[in-house]
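Work through the exercises below with the model open beside you. Each task is followed by a solution in short steps.

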Amino acid sequence: MRQVSQRAQAVRPSATLQASQRARDLQASGIDVINLGLGQPDFPTPAPIKAATVQAINADQVDGYTATPGIAPLRQAVADRMAATQNVRVTADQVVVTTGAKMALYTLFQVLLNPGDQVLLPAPYWVSYAEQVKLAGGTPVDVAPTASLKVTSAQLEAAVTPKTVAIVLNSPQNPSGLVYTAEELQAIGDWAVQHDLWIVADEIYGDLVYDQAAPVPSMLTLDQTIVDHTIVINGVSKTYAMTGWRIGWAIGPVDLMTTMTRALSHMTGNTAAVSQAAAVAALTQDQAPVGEMKRHFQERLDTVYPLVTALQGFELVHKPQGAFYLFPDVAQAMALKHCATTEDFVNRILDEAHVAVVAGEAFGLPHHLRISYATDLVTLREALARLATFMKTTD
């Protein structure tokens with residue numbers, strides 16, 4: 001085989017996509033598998049968004065290249081949405097639109113990191129952070145959480161080195177669904193400023209929050225010194241059930257966004273014009289569909305949380321507050337099933353209970369697994385019943 005770069009060889013495949021592919025393979029063979037592994041809303045994109053997109057197509061508005069950082073109406077819509085939801089002032093030239101939030105993160109790491117630079121990843125963390133840091137020549141550094149699955153500035157202080165350049169903070173958190181309070185964000189932000197680190201704030205689930213009236217605070221609502229060190233990552237995929245449209249964005253200091261734009265001009269050129277038109281509609285039209293989806297997610301969370309906590313050997317101390325995942329500790333369940341690793345455990349669940357979930361190793365925290373409740377209640381109840389039967393079966 002001809003040479004392949006070391007950085008490409010070091011990258012692991014996406015665990016969430018692998019789990020879902022194995023589930024699809026079993027389904028194709030005729031097995032009734034319930035897939036709770038994907039982080040994808042099960043709702044269709046709201047009809048008004050699709051109608052506005054068709055109108056843009058018919059008006060010949062989406063046929064050509066666009067500006068690399070995104071069309072002006074979309075960048076302004078992102079800025080206006082931040083003002084409406086977080087009461088913070090963001091200008092359009094602080095916004096760079098990308099092909100999904102994943103591309104925003106990838107490009108950001110490419111422009112922030114030099115070989116050997118370190119990025120702190122409080123565990124549990126989304127599966128792609130570490131691999132994207134590696135692809136940029138950097139070194140991901142896992143930071144173990146407290147029992148609450150949140151990180152503190154004291155834990156970060158123990159992990160920081162002269163090579164550290166950034167920390168990634170995800171709230172609401174994938175995979176746990178936990179949300180950092182404004183006070184917790186302030187403490188971490190102050191610590192990052194003290195060490196002159198970039199704060200990569202992944203806020204993709206910021207609109208999907210339950211059991212509280214106030215919105216999740218963005219890092220951009222904090223002190224100006226923290227804002228000056230922060231890049232917010234967001235997009236339309238989760239809030240508007242638009243995963244297939246692939247629109248995300250970064251919000252940050254203008255000079256850094258200019259550098260990102262230069263890099264993107266040689267990577268993707270621009271995000272699909274038709275998807276940008278759809279995103280404008282999503283951000284500027286009536287937000288009632290978002291509220292309706294949140295209502296369903298809340299109902300599902302309230303239903304599945306007690307069912308998961310009742311599973312033999314499953315421990316879930318805190319009820320999730322956002323996103324659409326649960327991340328129970330299954331160390332006791334693994335022992336009951338004589339499984340040495342969480343990978344072995346989830347493989348047995350798939351093979352014997354025919355339910356697909358994702359092992360915690362992929363999120364930097366073994367002895368846990370991620371369960372997505374982004375599916376209908378009938379299916380969720382059946383999946384939890386299968387898990388209950390699996391755990392009651394004597395090995």
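A salt bridge here is a side-chain nitrogen of Lys or Arg within 4 Å of a carboxyl oxygen of Asp or Glu. This is a predicted model, where local features need pLDDT of at least 70, side-chain atom pairs count only at pLDDT 80 or more, and totals for chains, interfaces and linings use all residues. Residues are numbered from 1 along each chain as its sequence is written, and side-chain values use heavy atoms, with hydrogens and water left out.

**Exercise 1. Salt bridges**

Find the partner of Lys319 and say which parts of the chain the pair links.

Step 1. Lys319 forms a salt bridge with Asp211, with the closest N and O atoms 3.4 Å apart.
Step 2. Lys319 sits in the loop between α12 and β9, and Asp211 in the loop between β6 (198-202) and α9 (224-227). The two are 108 residues apart, so to speak distant parts of the chain are linked. Helices (H or I, at least four residues) and strands (E, at least two) are DSSP runs, numbered from the N terminus.
Step 3. Lys319 has 29% relative accessibility and counts as partly exposed. The scale is this: buried means under 20% relative accessible area, exposed over 50%, partly exposed in between (1.4 Å probe, protein chains only).

**Exercise 2. Two more pairs**

Decide for Asp42 and Arg300 whether each is buried or partly exposed, then do the same for Glu184 and Lys150.

Step 1. The side chains of Asp42 and Arg300 meet in a salt bridge, 2.8 Å from N to O. Asp42 lies in the loop between β1 (34-35) and α3 (47-58) and Arg300 in helix α12, so the pair ties together parts 258 residues apart in sequence.
Step 2. Asp42 is partly exposed at 35% relative accessibility. Arg300 is buried, at 5% relative accessible area.
Step 3. Glu184 and Lys150 form a salt bridge, their closest N and O atoms being 3.0 Å apart. Glu184 belongs to helix α8 (residues 182-194) and Lys150 to the loop between β4 (139-143) and α7 (153-159), so this pair ties together parts 34 residues apart in sequence.
Step 4. Glu184 is partly exposed, with a relative accessible area of 29%. Lys150 is buried, with 12%.
Step 5. The whole structure holds nine salt bridges.

**Exercise 3. A helix pair**

Describe how α12 and α15 pack, using the angle between their axes.

Step 1. Helix α12 (residues 288-309) and helix α15 (residues 377-392) have axes that come within 10 Å and cross at roughly 5 degrees. Axes are lines fitted to C-alpha atoms, for helices over the stretch in contact, and angles run from 0 to 180 degrees between N-to-C directions.
Step 2. The helices are therefore roughly parallel. Angles under 35 degrees count as roughly parallel, over 145 as roughly antiparallel, 65 to 115 as roughly perpendicular and the rest as oblique.
Step 3. On the α12 side, Glu299, Arg300, Thr303, Val304, Leu307 and Val308 make the contact (heavy atoms within 4.5 Å). On the α15 side are Leu377, Leu380, Arg381 and Leu384.

**Exercise 4. Two sheets**

Give the strand order of each open sheet and name its edge strands.

Step 1. The sheet of seven strands runs β2-β8-β7-β6-β5-β3-β4, with mixed pairing. Two strands pair if DSSP finds at least two bridges between them.
Step 2. Its edges are β2 (95-98) and β4, each with a single partner strand, so one side of each has no neighbour in the sheet.
Step 3. Inside this order, strand β7 (residues 230-235) and strand β8 (residues 248-251) run antiparallel, joined by four bridges. Val232 stands opposite Ile251 in β8.
Step 4. The sheet of three strands has the order β9-β12-β11, with antiparallel pairing. Its edge strands are β9 (325-326) and β11 (358-359).
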